[in-house]
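Below are some notes for a colleague who is opening this structure for the first time. Please read them with the structure in view.

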Amino acid sequence: MASIFSKIVNGEIPSYKIAEDNNYYAFLDINPLAKGHTLVIPKKEVDYIFDIDDILLGGIMIFAKKVAHAIEKVTPCKRIGIAVLGLEVPHAHIHLVPINGANDIDFSKPKLKLSAEEFNEITAKIKEAFQTV
Ligand code: AMP
């Protein structure tokens, strides 16, 4: 069965899409640690990130770098933290989280509750910034 993230890539489930290319897709995490918390995935469904072939694995970091710079442009933070857990969704993904300190990327913390308007607003800002990075 297709993963929930494959369903997002295929448009069967909605997402707050930031960017995509032939191989990768970036969208907001719906349970964010911070405004702008974004997930970057390979379109190819692979559960464990370290099972991804070398070329695709290298490429995801380059794609994530561009997304991270776009988030940075529109989100006040010291930098973009990066994490890979994969404990919940069996489709490899990189978390990009705006952080000012180590506590900001503590996944055991309660997540933010954002309204659809807030999600749409931050999506639009990051998407626009992505065009110029
Ligand atoms: P993990 O697999 O432990 O890295 O966690 C999966 C992440 O995916 C969590 O942060 C969830 O909030 C996020 N997530 C799960 N379903 C969706 C969805 N439909 N849209 C956006 N983010 C999701």
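1. Start with helix α3. This is a predicted model, and a simple check of helix length can be made on it. At 1.5 Å a residue, the 15 residues of α3 should span 21 Å, and the C-alpha atoms at its ends are 21 Å apart, which agrees.

2. Which residues of α3 are buried? They are F119, I122, T123, I126, A129 and F130. These cover an arc of only 135° around the axis, which puts them on the same side of α3. The general background is that an α-helix has 3.6 residues a turn, so residues three or four places apart point the same way.

3. The opposite face of α3 should be looked at as well. Turned away from the buried side, this face carries E117 and E128, which are exposed.

4. As for what the buried side of α3 meets, its buried residues pack against the strands β1, β2 and β3 and against helix α2.

5. Helix α2 takes in residues 54-74, and the length check can be repeated there. Its 21 residues, at 1.5 Å each, should span 30 Å; the end C-alpha atoms lie 31 Å apart, which agrees. At the N-terminal end, D53 acts as a cap: one of its side-chain oxygens is 3.1 Å from the backbone nitrogen of I55.

6. The buried residues of α2 are L56, G59, I60, F63, A64, V67, A68, A70 and I71. What covers them includes five strands, β1 (17-20), β2 (24-28), β3 (38-42), β4 (79-83) and β5 (94-99), together with helix α3 (116-130).

7. How much of strand β2 is buried? The strand is mostly covered, with 5 of its 5 residues buried. Both of its faces are covered: Y24, A26 and L28 are buried on one side, and Y25 and F27 are buried on the other. β2 is also among the elements against which the buried residues of α3 pack, and it is included in the cover of the buried residues of α2.

8. The neighbours of β2 in the pairing can be taken in turn. β1 and β2 run antiparallel and are joined by 3 bridges. A hairpin of 3 residues connects β1 to β2. Across this pair, E20 stands opposite Y25 of β2.

9. β2 also pairs with β3, in the antiparallel sense and over 5 bridges. Within that pairing, F27 has L39 in β3 as its bridge partner. F27 is one of the residues already listed as buried in β2.

Technical notes. Residues numbered from 1 in each chain as written. Predicted model: local features only at pLDDT ≥ 70, side-chain atom pairs only at ≥ 80, totals over all residues. Heavy atoms only, no water. Helix = DSSP H or I, 4+ residues; strand = E, 2+ residues; numbered from the N terminus. Expected span 1.5 Å × (residues − 1). Buried < 20%, exposed > 50% of the residue type's maximum accessible area, 1.4 Å probe, protein only. Contact = heavy atoms within 4.5 Å. Polar contact = N/O pair within 3.5 Å; in protein donor to acceptor, adjacent residues only side chain to side chain. Arc of directions from axis to C-beta. Pairing = 2+ DSSP bridges.
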